[in-house]
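Student: I am new to this structure. Can we walk through it in short steps?
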Amino acid sequence: MMLRRLLLLPLALPLAARLLPVRLPGAALAQPADPWRQGAGQPGRPTPMLVPGKRSLYQRVLLRPGATLHASPGGPGRPALGFSAFFVYARQTQGADEWLQLGAAPDGRTEGWVPAARTVEWNHGMVAAFTNPANRGRGLFMETEAAARALLNAGGAAEAQRLRTEAAAGRPAPGVLALEPANYVDITRQFYLLPILNAATVERELGGPVRVLEVASAPEERPPQPQQAPADPLADFRAGLVFVVDTTISMQPYIDATREAMTGIVGRLRQTALRDKFRFGVVGYRDSKEATPQGYEYTARTFAKPDFSQPPEASLSAMQGLVASTSGNEGFDEDPVAGLAAALDEVDWNSLGGRYLMLIADAGGRDAADPLSATRQGFEEIAQRARAAGVVVMVVHLLTPEGRAAGNHSRARRQYLTLAANGNTGDSLYFGVENGAPEAFRGTVSALVEGILRQVSATTGVSVEALRGAGGGQVPPREAQRIEAQMRIVGEAMRLAYLGREQRTTAPDVVRSFVLDRDPAPPGIAAIDVRVLLTRNQLEDLSKTLEEILRAGRATRLQPREFFGQLQSAMAVAARDPSRIAMSGALGSLLGEFLEGLPYSSEIMAMTEREWNAMSAGSQARLLNQVEAKLRLYRDFARSELWTTLSGRREAGEQVFPVPLDALP
């Protein structure tokens with residue numbers, strides 16, 4: 001929502017000393033000068049200028065709106081796309097002005113010259129991405145850092161709400177440049193550029209730290225669309241819930257209870273107009289086929305997908321094939337990640353506005369480090385995949401006496417709290433069923449499904465008779481209230497995300513402003529997700545380096561003290577600079593300068609030879625399995641259709657993807 005358009009101003013002065021600065025990295029968008037592919041440019045062609053103090057990162061800038069490219073400094077100019085990203089090949093002073101020679105790629109081909117004053121230096125790849133605004137206030141883009149910081153003072157939450165109300169009514173107060181769109185702007189669906197130019201952290205006594213981000217906004221420019229008659233944007237909203245059900249030997253009573261709950265709900269749903277707006281799907285999972293002497297028929301199998309070409313009761317027929325195994329598996333853990341991966345891969349989520357997964361399990365799961373894991377992905381990685389697809393994950397955990405006796409509950413609960421963490425509710429959509437009581441289980445499942453259906457009804461405006469109790473079972477009043485409140489928030493998030501996609505909502509059209517990364521009102525729900533734009537070339541280089549780390553680790557598992565030496569030799573063969581690991585002694589030095597200085601830390605990046613040698617064999621194996629899990633996640637990113645370009649050129653290697661900070665190694 002544009003409130004007032006300003007010319008792009010020079011970058012701000014340093015933030016107040018009482019704020020804690022966040023050190024920004026070098027030019028994260030630059031292609032490495034010594035990549036696995038030989039040579040960044042072409043023989044005889046110039047190369048971009050390096051960032052001062054860097055060995056392989058090139059200087060980059062963003063063009064300000066209205067900038068023009070010139071054949072020579074001071075010569076005739078032609079319009080250029082605002083906020084395009086360019087490499088800097090040369091700098092030249094003409095009179096009182098500095099001019100930059102720019103190129104769209106590091107291949108030696110230049111595009112022209114532009115006054116330095118018409119650019120913004122952007123020697124890092126950090127960008128801000130909106131989170132779903134459900135259950136929090138819309139972000140305010142303020143003219144000054146002081147105005148943004150004032151929202152964190154006593155009474156700031158009330159003042160922020162007043163400013164939002166005024167801005168939404170078209171009466172913005174002085175100092176408010178723009179208001180975050182009411183709909184969810186999903187950066188992975190509707191790409192926009194919200195570069196972070198500067199950042200500082202305010203440490204608060206209550207509510208935790210909040211970052212003040214200086215940003216510039218540039219929605220992706222698109223050709224004008226023909227005018228169309230207004231229509232109900234939610235007319236085609238449809239939703240689907242996929243059950244991911246443990247079908248190991250102990251689960252038959254719960255499979256039966258799930259089927260009974262669905263039968264009651266579908267029977268009631270079939271009599272309402274909502275039957276055309278909602279469908280169920282079912283995925284069963286067990287464990288690795290190698291985890292039982294008899295061998296399972298499957299590790300994960302899709303029995304039904306949300307299919308609107310079939311009546312609602314079709315999913316009930318499909319569930320007839322969902323039966324518990326007659327043989328046990330090795331240990332107590334199973335492989336729910338395999339079931340979740342099957343649901344994410346095989347269901348057409350893009351056709352759905354409401355996207356829900358419900359995991360039903362009585363045991364923990366094999367993580368990425370487990371050799372019997374079918375996917376070799378952990379709960380953090382599969383949760384990241386679900387978030388990227390806009391899918392909400394709920395977990396119903398059966399706290400059975402058998403699981404308690406096996407000491408499995410605590411570990412499983414930690415896994416499932418991570419899996420079901422939800423940024424909109426500020427909580428985890430995890431629901432434990434004490435003692436695995438079938439009646440309480442049926443009530444929990446029914447309450448969750450009914451809550452989802454009521455939100456679909458509210459979103460679409462399709463009337464539906466009361467569904468409470470349609471699936472049978474009971475839950476305690478306090479738990480019922482919690483479920484209803486959470487489903488309301490989740491349903492609103494789904495509605496905003498759908499409207500954002502359908503209406504192609506873009507970021508607010510401001511140029512330079514200050515915004516808080518968290519809602520100032522308690523509990524301070526995240527409003528901005530910090531991401532890093534990586535090119536395909538960078539992701540490929542990063543993956544290949546991790547592959548070498550994994551290969552060296554596996555090859556030296558019996559002589560772990562040889563790991564760093566073998567890795568250094570591999571880097572030399574691959575035409576890398578083998579002295580880099582010796583200079584810093586940490587694995588992070590091999591992963592690229594574009595990761596240096598980012599506001600995150602990891603065990604992999606900081607690992608030194610001394611620390612590696614001091615680790616047990618089990619800890620070393622765990623770390624290597626974390627590396628393998630990241631590799632699998634990067635392969636998912638590489639296959640994504642959501643890559644975009646920041647300049648007019650279409651070279652595949654220079655396309656970028658907004659990678660979340662927590663997905664980095």
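Tutor: Yes. Keep in mind that this is a predicted model. We begin with single residues, then turn to pairs and helices.

Student: Where is S288 found?
Tutor: Look for the strands on either side. One is β17 (278–285) and the other is β18 (300–304). S288 sits in the loop between β17 and β18.

Student: Is S288 buried or exposed?
Tutor: Its relative accessibility is 5%. Buried means under 20%. So S288 counts as buried.

Student: Leaving aside neighbours within four places in sequence, which residues is S288 in contact with?
Tutor: Close sequence neighbours are set aside here. What remains is a short list: Y296, T299 and L372.

Student: G75 is in a loop too. What is its relative accessibility, and how does it count?
Tutor: G75 lies between β3 (68–70) and β4 (77–79). The cut-off for buried is under 20%. At 18% relative accessibility, G75 counts as buried.

Student: What separates the C-alpha atoms of G75 and W113?
Tutor: Along the chain, G75 and W113 are 38 residues apart. In space, their C-alpha atoms are separated by 8.9 Å.

Student: Let us move to charges. How many salt bridges are there?
Tutor: Side chains of opposite charge can pair when their charged atoms come close. The rule asks for a Lys or Arg side-chain nitrogen within 4 Å of an Asp or Glu carboxyl oxygen. By this rule the count is 31.

Student: Which helix holds both E159 and R162?
Tutor: The side chains of E159 and R162 form a salt bridge, at 2.8 Å from N to O. The two residues are 3 apart, about one turn of the helix. An α-helix has 3.6 residues a turn, so residues three or four places apart point the same way. Both residues lie in helix α2 (residues 156–168).

Student: Are E159 and R162 buried or partly exposed?
Tutor: E159 has a relative accessible area of 30%. R162 has a relative accessibility of 41%. Buried needs under 20%, and exposed needs over 50%. So E159 is partly exposed, and R162 counts as partly exposed.

Student: How many residues apart in sequence are the parts that R164 and D519 tie together?
Tutor: The side chains of R164 and D519 meet in a salt bridge, 3.5 Å from N to O. R164 lies in helix α2, and D519 in the loop between β24 (513–516) and β25 (528–535), so the pair ties together parts that are 355 residues apart.

Student: Are R164 and D519 buried or exposed?
Tutor: R164 is at 9% relative accessibility. D519 has a relative accessible area of 8%. With the cut-off at under 20%, R164 counts as buried, and D519 is buried.

Student: Which helices do E547 and R635 link?
Tutor: Their side chains meet in a salt bridge of 4.0 Å, N to O. The pair links distant parts of the chain, 88 residues apart. E547 is in helix α11 (residues 536–555), and R635 is in helix α16 (residues 617–639).

Student: How do α11 and α16 run relative to each other?
Tutor: Two packed helices are described by the angle between their axes and the distance between the axes. Here the angle is about 155°, with the axes 10 Å apart. Angles over 145 degrees count as roughly antiparallel. So α11 is roughly antiparallel to α16.

Student: What is the handedness of the α11 and α16 crossing, and what classes make up the contact?
Tutor: The crossing is left-handed. Among the residues that make the contact are L539, L546 and E547 of α11, and L624, L631 and R635 of α16. By class, the contact has 11 nonpolar, 3 polar and 6 charged residues.

Student: How does α6 run relative to α16?
Tutor: Helix α6 (residues 379–388) packs on α16 at an angle of about 15°, with the axes 10 Å apart. Angles under 35 degrees count as roughly parallel. So α6 is roughly parallel to α16.

Student: How many residues of α6 are buried?
Tutor: The buried residues include F379, I382 and R385. What covers the buried residues includes α5 (336–346), β20 (392–399) and α16. The helix is mostly covered: the buried residues number 7 of 10.

Conventions
Residues numbered from 1 in each chain as written. Predicted model: local features only at pLDDT ≥ 70, side-chain atom pairs only at ≥ 80, totals over all residues. Heavy atoms only, no water. Helix = DSSP H or I, 4+ residues; strand = E, 2+ residues; numbered from the N terminus. Buried < 20%, exposed > 50% of the residue type's maximum accessible area, 1.4 Å probe, protein only. Contact = heavy atoms within 4.5 Å. Axes fitted to C-alpha atoms, helices over the stretch in contact; angles between N-to-C directions. Parallel < 35°, antiparallel > 145°, perpendicular 65-115°, else oblique. Left-handed = near helix turned anticlockwise from the far one by under 90°. Nonpolar A, V, L, I, M, F, W, Y, C, P; charged D, E, K, R; others polar.
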